[in-house]
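Here's a quick tour of one protein model and the ligands it holds. Have the viewer open as you read.

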Amino acid sequence: MTFVVTENCIKCKYTDCVDVCPVDCFHEGPNFLVIDPDECIDCTLCEPECPAQAIFSEDDLPDEQSEFLQINEELSRVWPVISEKKDALPDAEEWDGKTGKTPLLER
Ligand code: SF4
Ligand code: F3S
């Protein structure tokens with residue numbers, strides 16, 4: 001099993017999740033973070049830390065977010081590791097909770 005970052009992280013990228021991960025499995029893109037499924041040890045620590053509630057365990061992934069399992073796997077292969085919290089994106093509060101953000105994911 002793994003944990004998965006889903007749509008609501010896009011254009012928010014609060015990065016609180018990064019601080020609690022014991023195995024540095026978050027990878028950073030321009031406006032989204034992903035989890036490396038091969039590194040995640042299912043510790044559950046990141047899920048409650050996300051202010052945007054964008055992190056789910058693979059088993060609890062909502063049906064409409066299922067494509068993010070593959071997106072996390074694919075982009076964790078190419079994006080660099082992020083191991084320290086940084087400022088959220090400037091308009092994070094405005095974008096938090098908006099739907100239909102998936103096409104805005106920058107690769
Ligand atoms: Fe890291 Fe644990 Fe979250 Fe997996 S569940 S991404 S190991 S904090
Ligand atoms: Fe994204 Fe939430 Fe982490 S918005 S960067 S998954 S704290």
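## A buried isoleucine

Let's start with Ile10: its relative accessibility is 0%, so it counts as buried. Keep in mind that this is a predicted model. Ile10 belongs to the loop that runs between S1 and helix H1 (16-20).

What is Ile10 in contact with, leaving aside its neighbours within four places in sequence? The list is Asn31, Phe32, Phe68, Trp95, Lys101, Thr102, Leu104 and Leu105. As for Glu84, it sits 74 residues from Ile10 in sequence, and the C-alpha to C-alpha separation is 18 Å.

## Helix H2

Phe68, one of those Ile10 contacts, also turns up among the buried residues of helix H2 (residues 67-76), along with Ile71, Asn72, Leu75 and Ser76. These buried residues span an arc of only 110 degrees around the axis, which means they are on the same side of H2. They pack against three strands: S1 (3-5), S2 (26-28) and S3 (33-35).

## Ligand 2

Ligand 2 takes up the space of the largest cavity. Around it you'll find Val5, Cys9, Lys13, Tyr14, Thr15, Asp16, Cys17, Leu33, Cys50, Pro51, Ala52 and Ile55. By type, that shell splits into nine nonpolar residues, one polar and two charged.

## Ligand 1

The space taken by ligand 1 ranks as the second largest cavity. Its surroundings are Phe3, Cys21, Pro22, Val23, Cys25, Phe26, Ile35, Cys40, Ile41, Cys43, Thr44 and Cys46. Here the shell has 11 nonpolar residues and one polar, with no charged ones.

Definitions and conventions
Residues are numbered from 1 along each chain as its sequence is written. Chains are lettered from A and ligands numbered from 1 in the order in which they are written. This is a predicted model: local features need pLDDT of at least 70, side-chain atom pairs count only at pLDDT 80 or more; totals for chains, interfaces and linings use all residues. Side-chain values use heavy atoms; hydrogens and water are left out. A residue is near a molecule or strand if one of its heavy atoms lies within 4 Å of it. On a 1 Å grid over the protein atoms alone, a cavity is a set of points where a 1.4 Å probe fits but cannot get out, and a pocket is an open set with protein on both sides within 12 Å along at least five of seven lines; lining residues have an atom within 4 Å of a point. A molecule sits in a cavity or pocket if more than half of its atoms lie within 2 Å of its grid points. Ala, Val, Leu, Ile, Met, Phe, Trp, Tyr, Cys and Pro count as nonpolar, Asp, Glu, Lys and Arg as charged, and the others, Gly among them, as polar. Buried means under 20% relative accessible area, exposed over 50%, partly exposed in between (1.4 Å probe, protein chains only). Helices (H or I, at least four residues) and strands (E, at least two) are DSSP runs, numbered from the N terminus. The arc is that of the directions from the helix axis to the C-beta atoms. Contact means heavy atoms within 4.5 Å.
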